[in-house]
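Hi there,

Here is the structure I promised to hand over. Please have a look at it first, and then read on for what turned up.

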Amino acid sequence: MFNAKLLTQRKPVQMTENIPYLDLPAQMRGLRKEVDAAIARTLDRCTFCLGPDVVQFEKDFARFCGAQHAVGFNSGTSALHVAMLLLGAGPGDEIVTTPFTFVATSWAISYVGAKPVYVDIEDATFNLDPKLVERAITPRTKAVMPVHLYGHPCDLDALLEICRKHHLPLVEDAAQAHGAKYRGKTVGTFGAVSGFSFYPGKNLGAYGEGGALVTNNADFAARARALREHGSTRRYYHDEVGFNYRMEGIQGAVLGVKLGHLARWNAGRRRVAHRYHELLADTPLQLPREAGYAESAWHLFVVRHPRRDELKQHLDARGIGCALHYPLPLHLQKCYASLGHKPGDFPVAEKAARECLSLPIYPELTDGQIERVASAIKEFFRK
Ligand SMILES: Cc1ncc(COP(=O)(O)O)c(C=O)c1O
């Protein structure tokens with residue numbers, strides 16, 4: 001029997017699916033069998049902490065980076081912490097670094113009791129501005145630590161030149177830059193040591209936490225292996241105070257499988273970035289561009305506009321996920337109040353923090369989804 005009430009109660013048909021900011025389930029669908037098999041092998045062997053899957057992944061990841069050594073860690077933060085220890089950084093030392101990054105870059109410095117000395121960033125790349133680095137160097141400077149932010153390599157030649165002149169090591173925070181290239185060479189081996197993160201949303205993400213320290217220095221690699229395992233090379237003999245920073249066997253197995261897909265995934269991210277460029281070229285947004293020396297890993301696609309907050313609301317309301325990387329630079333974070341900074345100290349970073357908006361970017365993003373993001377942005381600017 002016809003029931004008019006039923007008709008009026010019907011929910012409106014949703015014409016479009018939400019576009020998540022990050023779609024790990026989409027990646028999982030294409031991988032599930034392969035990772036299930038790899039995890040099952042680890043379970044059968046019960047090699048849960050380090051073990052053969054981690055050893056194999058370390059070899060494969062070192063090769064991928066063009067490095068002599070990769071040492072698996074339980075996070076990017078712990079890898080960077082140990083990098084600081086390898087350089088002998090400690091209380092009274094200063095590390096020149098960027099205020100516009102995820103906080104863990106600075107944690108590594110703070111954990112060893114050293115002081116982060118911030119230098120402003122370049123407007124175009126969001127990375128440490130080499131022109132400003134030299135004037136921040138003092139007799140207490142122990143190292144320079146740039147970040148390849150959003151997967152875009154920093155200006156390594158310029159930074160290495162300054163480091164050579166002042167006899168300082170460079171530490172690359174490559175946490176977001178798996179497979180990014182500087183003048184054709186994969187980042188991670190330009191400095192004395194580098195740290196990668198395998199946090200799940202990264203271009204190469206674990207199924208949990210993970211990280212790696214990469215270096216061409218055999219002594220550094222050996223000491224990093226000891227430090228991550230309670231400061232020991234022989235069980236129950238401890239040469240120095242160490243940490244439990246071991247990579248889990250299951251993460252080594254998962255990362256080993258995923259590493260085989262990374263080049264293709266990075267190419268997929270590049271496709272998305274190019275399509276955004278085509279579709280958004282005539283909008284008032286400032287789009288992220290690759291510098292002449294750079295092949296970005298396109299970890300994030302970060303656009304800029306002074307009306308960023310309104311634009312984010314507009315996209316949120318249309319089911320389009322977007323995010324802020326990062327809303328507050330490190331020199332203005334409460335945890336670093338003791339450094340005595342104030343608004344205006346690093347104006348380029350502060351402006352970037354006010355204007356940045358990260359759009360969805362992942363290899364599984366379809367052309368239709370990219371077009372929907374772009375048309376929602378165009379609609380915003382027409383309003
Ligand atoms: C630039 C940067 N450095 C360091 C880290 C720390 O890595 P993890 O989260 O694996 O400890 C991250 C992770 O988000 C990062 O983005």
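Below are some notes on the cores, one helix and the pockets.

This is a predicted model, in which local features need pLDDT of at least 70 and side-chain atom pairs count only at pLDDT 80 or more, while totals for chains, interfaces and linings use all residues. Residues are numbered from 1 along each chain as its sequence is written, and side-chain values use heavy atoms, with hydrogens and water left out.

The largest nonpolar core (buried Ala, Val, Leu, Ile, Met, Phe, Trp, Tyr and Cys joined through side-chain atoms within 4.5 Å) has 44 residues, and Phe-61, Val-133 and Phe-198 have the most contacts inside it. Buried here means under 20% relative accessible area, exposed over 50%, and partly exposed in between, with a 1.4 Å probe and protein chains only. Two or more residues of this core come from each of α3 (52-65), α7 (156-166), β9 (211-215) and α9 (249-280); helices (H or I, at least four residues) and strands (E, at least two) are DSSP runs numbered from the N terminus. A second, separate core of 26 residues includes Ala-273, Tyr-276, Leu-279 and Phe-380.

Beyond its neighbours within four places in sequence, Phe-61 is in contact (heavy atoms within 4.5 Å) with residues including His-178, Phe-198, Val-214 and Leu-259.

On α7, the buried residues are Leu-156, Leu-159, Leu-160, Ile-162 and Cys-163. They fall within an arc of 160° seen down the axis of α7 (taken from the directions from the helix axis to the C-beta atoms), so they line one face of the helix. The buried residues of α7 pack against α6 (130-133), β4 (141-145), β5 (171-173) and β6 (181-182), whereas exposed Arg-164 and Lys-165 sit on the face turned away from the buried side.

Now for the pockets. A pocket is an open set of points on a 1 Å grid over the protein atoms alone, where a 1.4 Å probe fits, with protein on both sides within 12 Å along at least five of seven lines; lining residues have an atom within 4 Å of a point. The largest pocket holds about 530 Å³ of space, the volume being that filled by probe spheres set on the points, which are joined across faces, edges and corners. Its lining has 28 residues, and Phe-102, Gln-176, Ser-197, Tyr-199 and Lys-202 are the closest to its centre. α4 gives the most to this lining, with 3 residues.

Best wishes
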